[in-house]
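Good morning, colleagues. Please have the sequence and the three-dimensional view ready, and I shall then take you through several local features in turn.

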Amino acid sequence: MGVRVGKTNSLICFPDLSLPVHPVIPALSHRMGVGGGDQGWAKCEEYQHSGKDNKQIAGGLLHERAATMDLKAQLCVLLLVLGLCVTLQVSAQEEDVDVDVDVEDDIGDLGDDELLDGQAEEEEKPAPAPAAAPTVTYKAPEPRGEHFFAESFDKGTLDGWVVSRAKKEDIDEEIAKYDGKWEVEEMKDTKLPGDKGLVLKSRAKHHAISALLLRPFTFDTKPLIVQYEVNFQNGIDCGGAYVKLLSQSPDLSLAQFVDKTPYTIMFGPDKCGEDYKLHFIFRHKNPKTGEYEEKHAKKPESDLRTYYTDKKTHLYTLVLNPDNSFEILVDQTVVNSGSLLNDMTPPVNPPAEIEDPDDHKPEDWDERPKIQDPDAVKPDDWDEDAPAKIPDEDAVKPDGWLDDEPEYIADPDAIKPEDWDEDMDGEWEAPQVPNPACESAPGCGKWERPMIDNPNYKGKWKPPMIDNPNYQGVWKPRKIPNPDFFEDLHPFRMTPVSAVGLELWSMSSDIFFDNFFITYDRNTAELWADEGWGLKKAAEGAAEPGLMNQMISAAEEKPWLWVVYVLTVALPLVLIIVFCCTGKKKPAPSAAEYKKTDEPQPDVKDDAEEEEEKDEQEEAKAEEPEENKDDAEDSPAEAAEEDEEAEKQEEAEDQSDEKQEEEEVLRRSPRSKGRARKE
């Protein structure tokens, strides 16, 4: 434990816990950062048991105070870093533009006359138009390598494309026609003037259009890469935007392109309700029977919802490799991949063995793992007729129960409707309402004892279950060699394709298609994508609002985001204020600093003692003027001598008091006690 002595407020911790302790110790501990009260005593005891001297003790307390402040500072820095991380994460959601483009202002491309016309139009408007967003200069993409098909629609025509005029079979005549309209035009909210595409214009109609490849693609030693762009300008409710690679055949007629026209690959987005799909289907030919069967790729694990709802242009890419691997990319990011041998449903190769369809389970085959014990007997005291609930015989009717009052009565304020016809509607009765007399009573009507569980209830007796000694397991038919088994280790070698087509039905209109490309060279496909889709991405990114506007727009659509914003911004600020700007007030520094020394020093007077002395001095000063006034009338010289003598006397008394306090501290110190014991 310790005391604070002397006018320098030094700390002394005595190893003898039995000694009386000066009451200022907790205050000293509090000032040193270890808390007041019991915590201060405990900290002093902790240091005194460590065997440290007073210098080390004071240093330790100061070190703990500094450590506490360092901890608060680190916490504040951590909160600031977290807030910065959240801000950076939101900023990272803005798409980066990877393509180098020339950005120009629309005003820079206008002539003087056009500028004057534009100014005149602006003056006619009641409100000033917002500043025009920078646009990206559009240039039609050009194929720069080997390819089998390339179409950007920037000529503004459907040259090379054939619109189907066929009819679907086995359906109503009114909906059997492929009468949906196709147009070549710019997007409604285009960011690239001059960029045109193929647009599906009709809703709830069948559409079919196709075009021949420059030459048929044969699946041999080179990969197949198919890519194109889609923009759901009005969103998509139910419908598809997939392409079909039509199988090479002498009977192929693009004008008669229908849903049953043979295809080799179907690839692209499809959605109905909340089912978001990205198809990859190929038709595999059975080498034994010659029949074709559709093989579907596994469903992507990625969330595809955004591609259907954000009304942006997305690039869909399919890569098939000769080693039977495949990749599906959206916006040049892989969203699905796998093997044609292992990741298709149903599998390309059938199982080597199948269950014998002629094998049947024997009649005496016992599949029951447990049976009732045949030797069990119902106990004599088992009462199957005992009810599950019985009246509580200990229940007592509450005082004030109104037996003669019904729980519900006819509404006295009800009035029979004027149009009530008793011949048609029957006798009119007022509706029932709760009886107001029962509101202040515990209950109304006939009182009945409440029902409780019957302690003697056991229910219907059943024999216990035991292991079945005749259990033979679950029967399965025997396996036999699959008569239709085959092993195709090269499913990549599909039927060659000679045309690309869109055969669609959609409940949404204005689906935008653009920049179809088929090749075997990945670099060529990426160059085509950069010059086409890359420009769209850059233009859409340049036209997007700033981060703050995006956050506000998102919160308007989803109001719960305001809560996230408040927690993200306000909570760190509140915590910073709490940890950095609050806490216990540091007491005003004393006249003398703490002195790190082992030398005993006189105790500093308590605040209460100092206040008492001040009050006494003020009273004494208040009395002195009257005495001095009387003395001054008698003899000014004598009054001055008396004042000097009083001051000398006070100084002598103060020195005597300090000397006594110092001797008391020395007498109470362990060193003095030890010396006294030796003597």
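Which element supplies the largest share of the lining of the second largest cavity? Strand E29 does, with 3 residues. Before going further, I should state that this is a predicted model. The search of the whole structure returned 2 cavities of 30 Å³ or more, and the second largest holds about 40 Å³ of space. Its lining consists of Phe149, Val226, Gln227, Val243, Val500, Phe516, Phe517 and Ile518. Two elements, strand E10 (224-232) and strand E29 (511-519), each give two or more residues to that lining. In chemical character, the lining residues of this cavity comprise 7 nonpolar, 1 polar and no charged.

I turn next to the salt bridges. As a general point, side chains of opposite charge can pair when their charged atoms come close. In this model the count comes to 26 salt bridges, and I shall describe three of them.

The first on my list is the pair formed by aspartate 195 and lysine 536, whose side chains meet at 2.6 Å, N to O. This pair links distant parts of the chain, 341 residues apart: aspartate 195 sits in the loop between strand E7 (182-186) and strand E8 (196-200), and lysine 536 belongs to helix H9 (residues 533-543). Are these two residues buried or exposed? Aspartate 195 is buried, at 2% relative accessible area, and lysine 536 also counts as buried, at 3%.

The next pair is lysine 201 with aspartate 510, in which the closest N and O atoms are 3.1 Å apart. Lysine 201 is located in the loop between E8 and strand E9 (205-217), and aspartate 510 in the loop between E28 and E29, so the salt bridge ties together parts that are 309 residues apart in sequence. Here lysine 201 is partly exposed, with a relative accessible area of 30%, whereas aspartate 510 is buried, at 11%. Both residues also take part in a network of salt bridges that links Glu185, Lys188, Lys201 and Asp510.

The last of the three joins aspartate 356 to arginine 478, with 2.9 Å between the closest N and O atoms. Aspartate 356 lies in the loop between E20 and strand E21 (370-372), while arginine 478 lies in the loop between strand E26 (465-467) and E27, so this pair ties together parts 122 residues apart in sequence. Aspartate 356 counts as buried, at 9% relative accessibility, and arginine 478 is partly exposed, at 47%.

Consider now a charged residue without such a partner. Aspartate 488 is found in the loop between strand E27 (479-481) and strand E28 (497-506). This residue is buried yet has no salt bridge. Which side chain of opposite charge is nearest to aspartate 488? It is that of arginine 493, 7.0 Å away; the cut-off for a salt bridge is 4 Å, nitrogen to carboxyl oxygen. The side chain of aspartate 488 does, however, make a polar contact of 2.7 Å with the side chain of histidine 284.

Several backbone features also merit attention. Threonine 345 and proline 346 are joined by a cis peptide bond, with omega at about -10 degrees. Proline 346 is placed in the loop between strand E19 (344-345) and strand E20 (353-355).

Which way does phi point, positive or negative, at lysine 311? It is positive, about 55 degrees, although lysine 311 is not a glycine. Lysine 311 occupies the loop between helix H6 (305-309) and strand E16 (314-320), and is partly exposed, with 49% relative accessible area. Glutamine 332, likewise not a glycine, has a positive phi of about 65 degrees. The loop that holds glutamine 332 runs between strand E17 (325-330) and strand E18 (333-339), and the residue counts as partly exposed, at 39% relative accessibility.

I close with phenylalanine 257, in the loop between strand E12 (243-247) and strand E13 (263-272). Phenylalanine 257 is buried, with a relative accessible area of 1%. Its C-alpha atom is separated by 6.7 Å from that of alanine 166, a residue 91 positions apart from it along the chain.

Thank you for your attention.

Terms used. Residues numbered from 1 in each chain as written. Predicted model: local features only at pLDDT ≥ 70, side-chain atom pairs only at ≥ 80, totals over all residues. Heavy atoms only, no water. 1 Å grid on protein atoms, 1.4 Å probe; cavity = no way out; pocket = protein on both sides within 12 Å on 5 of 7 lines; lining within 4 Å. Points joined across faces, edges and corners; volume = space filled by probe spheres on them. Helix = DSSP H or I, 4+ residues; strand = E, 2+ residues; numbered from the N terminus. Nonpolar A, V, L, I, M, F, W, Y, C, P; charged D, E, K, R; others polar. Buried < 20%, exposed > 50% of the residue type's maximum accessible area, 1.4 Å probe, protein only. Lys, Arg positive; Asp, Glu negative; His and termini not counted. Polar contact = N/O pair within 3.5 Å; in protein donor to acceptor, adjacent residues only side chain to side chain.
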